[in-house]
Amino acid sequence: MSFCSSEERDSTVCYEDVLAEPEGSHSIDCVWKLSYCCFNCSKGCCYNLLAIFCGIPSALCWGFEFAIIAFYHIWYLTPCLRAYMINCGMMQKYFEACLRCCIGPVCETCGLFFSQITVKNVS
């Protein structure tokens, strides 16, 4: 006998998931129903008590945690990333100028040298 609906089975622990009897042995129906009621009542009461006493402090702590993360991203990481990107742009221009001055003439000379080579097929 299953007491959990499909919605309950997806979101919480059901009685049958914890205390399941195999097909070959079943207890008396009244024992099964009473144990089902005890399980669900104790689970519900315990959850509600924990939610009452721990839910608000836990929510407060997680609120602080995500506020700190947001503050860190907005006021520290984003400006640092922007400064890094500005510096990378300057370094890119510096290396481009160095390459044009130092390696550009060598590449141009090699290009002119190899452009004078002609290949003829002799058969």
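Exposed, in this report, means over 50% relative accessible area, and buried means under 20%, with partly exposed in between. With that in hand, let's walk through this predicted model.

**The overall picture**

The protein chain has three helices and zero strands, so there is no sheet to look for when strands are runs of at least two E residues in DSSP. Read from start to end, the pattern is simply α-α-α. Of the 123 residues in the protein chain, 6% count as buried. Helix 3 covers residues 29–115, and several of the side-chain contacts below sit on it.

UniProt, in an unreviewed entry, puts a "transmembrane region" at residues 49–75. In the model that span is 100% helix and 0% strand, and its end C-alpha atoms lie 39 Å apart. The annotation itself may be inferred rather than shown by experiment.

**Aromatic pairs**

Searching the whole structure turns up five aromatic pairs. One of them joins F71 and W75: their ring centres are 6.4 Å apart and the planes make an angle of 35 degrees, so this pair is tilted. F71 and W75 are four residues apart in helix 3, which puts about one helical turn between them. Both F71 and W75 are exposed.

Another pair is F113 with F114. Here the centres are 5.1 Å apart and the planes are at 70 degrees, so the pair counts as edge-to-face. Is F113 buried or exposed? F113 has 57% relative accessibility, so it is exposed. F114 comes in at 52%, which also makes it exposed because the cut-off is over 50%.

**A nonpolar patch**

F113 and F114 turn up again on the surface, where they join I117 and V119 in a nonpolar patch. Together these four residues have about 490 Å² of accessible area. V119 sits in the segment after helix 3, and at 73% relative accessibility V119 is exposed.

**One salt bridge**

How many salt bridges are there? The count comes to one. The side chains of E96 and R100 make it, with 2.9 Å from N to O. E96 and R100 are four residues apart in helix 3, so about one helical turn separates them. Side chains of opposite charge can pair when their charged atoms come close.

Here is how some of the residues discussed in this report compare in accessibility:

| Residue | Relative accessibility | Class |
|---|---|---|
| E96 | 36% | partly exposed |
| R100 | 61% | exposed |
| F113 | 57% | exposed |
| F114 | 52% | exposed |
| V119 | 73% | exposed |
| C38 | 55% | exposed |

**Cysteines without a bond**

A disulfide is a covalent bond between the sulfur atoms of two cysteines. The search of the whole structure finds zero of them. Why does C38 not form one? For C38, the closest cysteine sulfur is in C37, 7.0 Å away, and that is too far for a bond because the sulfurs would have to be within 2.5 Å. C41 tells a similar story: its closest cysteine sulfur is also in C37, at 6.0 Å, again too far for a bond. C38 is exposed, at 55% relative accessibility.

Technical notes. Residues are numbered from 1 along each chain as its sequence is written. This is a predicted model: local features need pLDDT of at least 70, side-chain atom pairs count only at pLDDT 80 or more; totals for chains, interfaces and linings use all residues. Side-chain values use heavy atoms; hydrogens and water are left out. Rings of Phe, Tyr and Trp (its six-membered ring) pair if their centres lie within 6.5 Å; planes under 30 degrees apart count as stacked, over 60 as edge-to-face and the rest as tilted. Buried means under 20% relative accessible area, exposed over 50%, partly exposed in between (1.4 Å probe, protein chains only). Patches are made of residues with over 30% relative accessible area and no salt bridge: like charges are joined within 9 Å, nonpolar side chains (Val, Leu, Ile, Met, Phe, Trp, Tyr) within 5 Å. Accessible areas come from the Shrake-Rupley method with a 1.4 Å probe; for residues, only the protein chains shown count as cover.
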